[in-house]
Amino acid sequence: MKKFLEEFKEFALKGNVMDMAIGVIIGGAFTAIVTAFTDDFITPVISIFGGTEFGGKIPLPGPEGNAILWGDFVSAVVNFLIVALILFLMLKGMNKLVNLRKKEEEEEEKDPEPTKEEVLLTEIRDILKNK
């Protein structure tokens, strides 16, 4: 049991797990912001242009209260599209930064071209070596 707890502690305190947990928390907060934006800004604008109540229901036969909440579904789809777009843009930006860094590292690793003086000195050295 002690070994199991040690392994779990090592797993839980790894950097990747902590980063993931922070990402989940921030993602939840971000989703709440997007939901509020959709409900408070986008939905009323769509209702103005659509001329209908956006949070509409389609009543179903049977027990009272059963209905298809198409407005809620459309709001959820809009929320998803906004979150997906923002995540896409963030990942695209991160990939661009990573590629720039890789490019800089590759340029640093390359041997610089010798200067004219270095080439001349190398030739002189080779001539003296052959004599």
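In which element of the protein is confidence lowest, and in which is it highest? Strand β1 (residues 58-59) sits at the bottom with a mean of 79, while helix α4 (residues 116-130) tops out at 90. Those scores are pLDDT, the predictor's confidence in each residue, from 0 to 100. The protein averages 83, and 94% of the residues score at least 70.

This is a predicted model, so local features need pLDDT of at least 70 and side-chain atom pairs count only at pLDDT 80 or more, while totals for chains, interfaces and linings use all residues. Residues are numbered from 1 along each chain as its sequence is written, and side-chain values use heavy atoms, with hydrogens and water left out.

Helices (H or I, at least four residues) and strands (E, at least two) are DSSP runs, numbered from the N terminus. Take helix α3 (residues 70-109): its 40 residues should span 58 Å, and its end C-alpha atoms are indeed 58 Å apart. The expected figure is 1.5 Å times one less than the number of residues.

Along α3, Gly71, Ser75, Val78, Asn79, Ile82 and Val83 are buried. Here buried means under 20% relative accessible area, exposed over 50%, and partly exposed in between (1.4 Å probe, protein chains only). Ile82 counts as buried because its relative accessibility is 18%. Setting aside neighbours within four places in sequence, Ile82 touches Val34, Phe37, Thr38 and Ile42, where contact means heavy atoms within 4.5 Å. The C-alpha atoms of Ile82 and Thr31 are 9.4 Å apart, though 51 residues separate the two along the chain.

Now for the charged pairs. A salt bridge is a side-chain nitrogen of Lys or Arg within 4 Å of a carboxyl oxygen of Asp or Glu, and the count comes to two.

| Salt bridge | Closest N and O atoms |
|---|---|
| Glu105 and Arg101 | 3.2 Å |
| Arg125 and Asp126 | 3.1 Å |

Glu105 and Arg101 are four residues apart in helix α3, so about one helical turn separates them. Glu105 is partly exposed at 35%, whereas Arg101 is exposed at 57%. In the other pair, Arg125 is partly exposed at 48%, and so is Asp126 at 33%.

Finally, the surface has a nonpolar patch made of Met1, Phe4, Leu5, Phe8 and Phe11, together offering about 620 Å² of accessible area. Patch members have over 30% relative accessible area and no salt bridge; like charges are joined within 9 Å, nonpolar side chains (Val, Leu, Ile, Met, Phe, Trp, Tyr) within 5 Å. Areas come from the Shrake-Rupley method with a 1.4 Å probe, and for residues only the protein chains shown count as cover. Phe4 lies in helix α1 (residues 2-12) and is exposed, at 52%.
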